[in-house]
Amino acid sequence: MEIFLIKLLQFLLAISLLVLLHEGGHFFFSKLFGVKVDKFYMFFDAGIGKWDGSLFKFKPKNSDTQYGVGWLPLGGYCKIAGMIDESFDTEQMKQPVQPWEFRAKPTWQRLLIMIGGVLVNFLLALFIYSMVLFTWGDQYIATRDMSLGFKFNQEAKQLGFRDGDVLIGTENGDFKDFSADLFRELSTASEAHVSRNGKDVTIPLPGDINLLSMLKSTPLFAAPLIPAVVDSVVPGTIAHRIHLQKGDRLVAINGKRVDSYNEFTYEIGRLQDMLHEAESAQDSLAIRRVALTFTNDKANGKWYVAQTTLSPTLQFGFFTQNYRALYKTTTRQYGFFESFPAGIKYGWNVLAGYVSDLKYVFSADGAKSLGGFGAIGNLFPATWDWHAFWLMTAFLSIILAFMNILPIPALDGGHVLFLLYEMITGRKPSENFLIRAEYIGFGILILLMVVANLNDILRWLGYM
């Protein structure tokens, strides 16, 4: 419960900050060009009965804008007078055009008002990345320093990789660290460079490996090899009852040899799949009865076999070392002025990677990989870590900027598309057309939101 609350608080803080500043971008340009803003709300104030949906609201003296906080935490909005938006205030559009309305302003001013939110989110992301680099530096574990090498799945082995290979790079240069960028580079590379038993080896690659398959396969295409050595045992768990101790090395599970913790977790995953298919309580109990074989330095080669029955979650109750604890961390520090070009480059690389991956969304597997609020919340760490929090906030800011500029009606990009049409042709789309487009766009967004959050629920239930 504590982990859930920590992730929830981080998620709400990040989203609140991003939504506030995004709508603030629209608000700033609206005020700059003398456009009246009727409402500025954090979260949506969808009314219920006679209640207008506001948790808090106020209107400063001599101000045209009502500020408030709604009860529905799905974003926020800035209601600009004389504009067709998600409020669907068609009554206002039937009135004569007023000089302080959005529709009365020149096209270029309306364009700036519409891109204001995206602009703020993008600049905010670059600023956060810059300040993260200035404060903490760029911290990573270089793949060439991962001396124990990597564990590869069957697809990777068919291409020529071998367990224990240390990933160095491709024909385009060395890998920086173990991240999504490594998989992107491998997916399009014509050759990979590895260190195998101290020797440099070149592995030819096809240049068109499916990135989504690499990331979603079980086991993963490539993952840092983690020794199957116990680092700590949780008191009162099965691991504690069968006398597992720090330093014990796992040898086999149910008689099947395991050469790493990667292999051990894969075997547990196979048991979980079997458990989902179990047709009776007796079948389930049989699957949960396991034999764990382990040894240690003091055993002089002797193996110990512990027979035990696991809980339905198949948890033993021990931990191994995280791969990050096995290797040295490389840190590059940046001065204040150095951090800005470095932060811009960092943010641009994040955006480029995200955009290049977007094509997979339009595949069946890509649609299944969509995530809603639960998936986003789980991206935050289980402990409050400001470094990780700001990196995730910057990432979400870039996503929010890019998604909002897509040419979908009801998004900023949809409004921008119609404004560009007006600038090029000199003809403004009719209000009826804009209203219909807004409804269609809003419907698309609701559908995407339902699919993404339904995926979260299905993953939580174990069906995906």
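This section describes the nonpolar core, two helices, the salt bridges and one pocket of a predicted model.

The largest nonpolar core comprises 25 residues. Within this core, Phe-161, Leu-167, Leu-186 and Phe-221 have the most contacts. At least two core residues come from each of strand E6 (150–152), helix H5 (180–188), strand E9 (191–196) and helix H6 (211–216). Helix H5 gives the most, with three residues. Leu-186 illustrates the packing. Setting aside residues up to four places away in sequence, Leu-186 touches Phe-161, Thr-170, Phe-175, Ala-192, Leu-205, Ile-209, Met-214 and Phe-221. Two of these partners, Phe-161 and Phe-221, are themselves among the residues with the most contacts inside the core.

Helix H10 covers residues 336–357, 22 residues in all. Its end C-alpha atoms lie 32 Å apart. A rise of 1.5 Å a residue predicts a span of 32 Å, so the two values agree. The buried residues of H10 are Ser-339, Ala-342, Gly-343, Gly-347, Val-350, Leu-351, Gly-353 and Tyr-354. These residues pack against helix H3 (107–136), H5 and helix H13 (386–405). H5 thus has two roles here: it supplies residues to the largest nonpolar core, and it packs against buried residues of H10.

Helix H13 passes the same kind of check. For its 20 residues, 1.5 Å a residue gives an expected span of 28 Å. The end C-alpha atoms of H13 are 28 Å apart, in agreement. Its buried residues are His-387, Phe-389, Met-392, Thr-393, Ala-394, Leu-396, Ser-397, Ile-398, Ile-399, Ala-401, Phe-402 and Asn-404. The elements covering them include helix H1 (2–32), H3, strand E5 (138–140), H10, helix H12 (373–378) and helix H14 (412–425).

Charged side chains were examined next. Side chains of opposite charge can pair when their charged atoms come close. The structure holds 16 salt bridges. Asp-45 and Lys-39 form one of them, with N and O 2.7 Å apart. Asp-45 is buried, because its relative accessible area of 12% falls under the 20% limit. Asp-52 pairs with Lys-57, and the closest N and O atoms are 2.5 Å apart. Both partners are partly exposed: Asp-52 has a relative accessible area of 31%, and Lys-57 has a relative accessibility of 43%.

A further salt bridge joins Glu-267 to Arg-270, with the closest N and O atoms 2.8 Å apart. The two residues are three apart in helix H8 (residues 261–277), so about one helical turn separates them. Their exposure differs in class. Glu-267 is buried, with a relative accessible area of 4%, whereas Arg-270 is partly exposed at 38%. Salt bridges also link Lys-151, Lys-157, Asp-163, Asp-259 and Glu-263 in a network.

The second largest pocket has a volume of about 450 Å³. Its lining consists of 19 residues. Thr-218, Pro-219, Leu-220, Asn-262 and Tyr-266 lie nearest the pocket centre. E6, helix H4 (154–159), strand E11 (222–224) and H8 each supply at least two lining residues. H8 contributes the largest share, seven residues. H8 also holds the Glu-267 and Arg-270 pair. E6 likewise appears twice, in the lining of this pocket and in the largest nonpolar core.

Methods. Residues are numbered from 1 along each chain as its sequence is written. This is a predicted model: local features need pLDDT of at least 70, side-chain atom pairs count only at pLDDT 80 or more; totals for chains, interfaces and linings use all residues. Side-chain values use heavy atoms; hydrogens and water are left out. A nonpolar core is a set of buried Ala, Val, Leu, Ile, Met, Phe, Trp, Tyr and Cys residues joined through side-chain atoms within 4.5 Å. Buried means under 20% relative accessible area, exposed over 50%, partly exposed in between (1.4 Å probe, protein chains only). Helices (H or I, at least four residues) and strands (E, at least two) are DSSP runs, numbered from the N terminus. Contact means heavy atoms within 4.5 Å. The expected span of a helix is 1.5 Å times one less than its number of residues. A salt bridge is a side-chain nitrogen of Lys or Arg within 4 Å of a carboxyl oxygen of Asp or Glu. On a 1 Å grid over the protein atoms alone, a cavity is a set of points where a 1.4 Å probe fits but cannot get out, and a pocket is an open set with protein on both sides within 12 Å along at least five of seven lines; lining residues have an atom within 4 Å of a point. Grid points are joined across faces, edges and corners, and a volume is the space filled by probe spheres set on the points.
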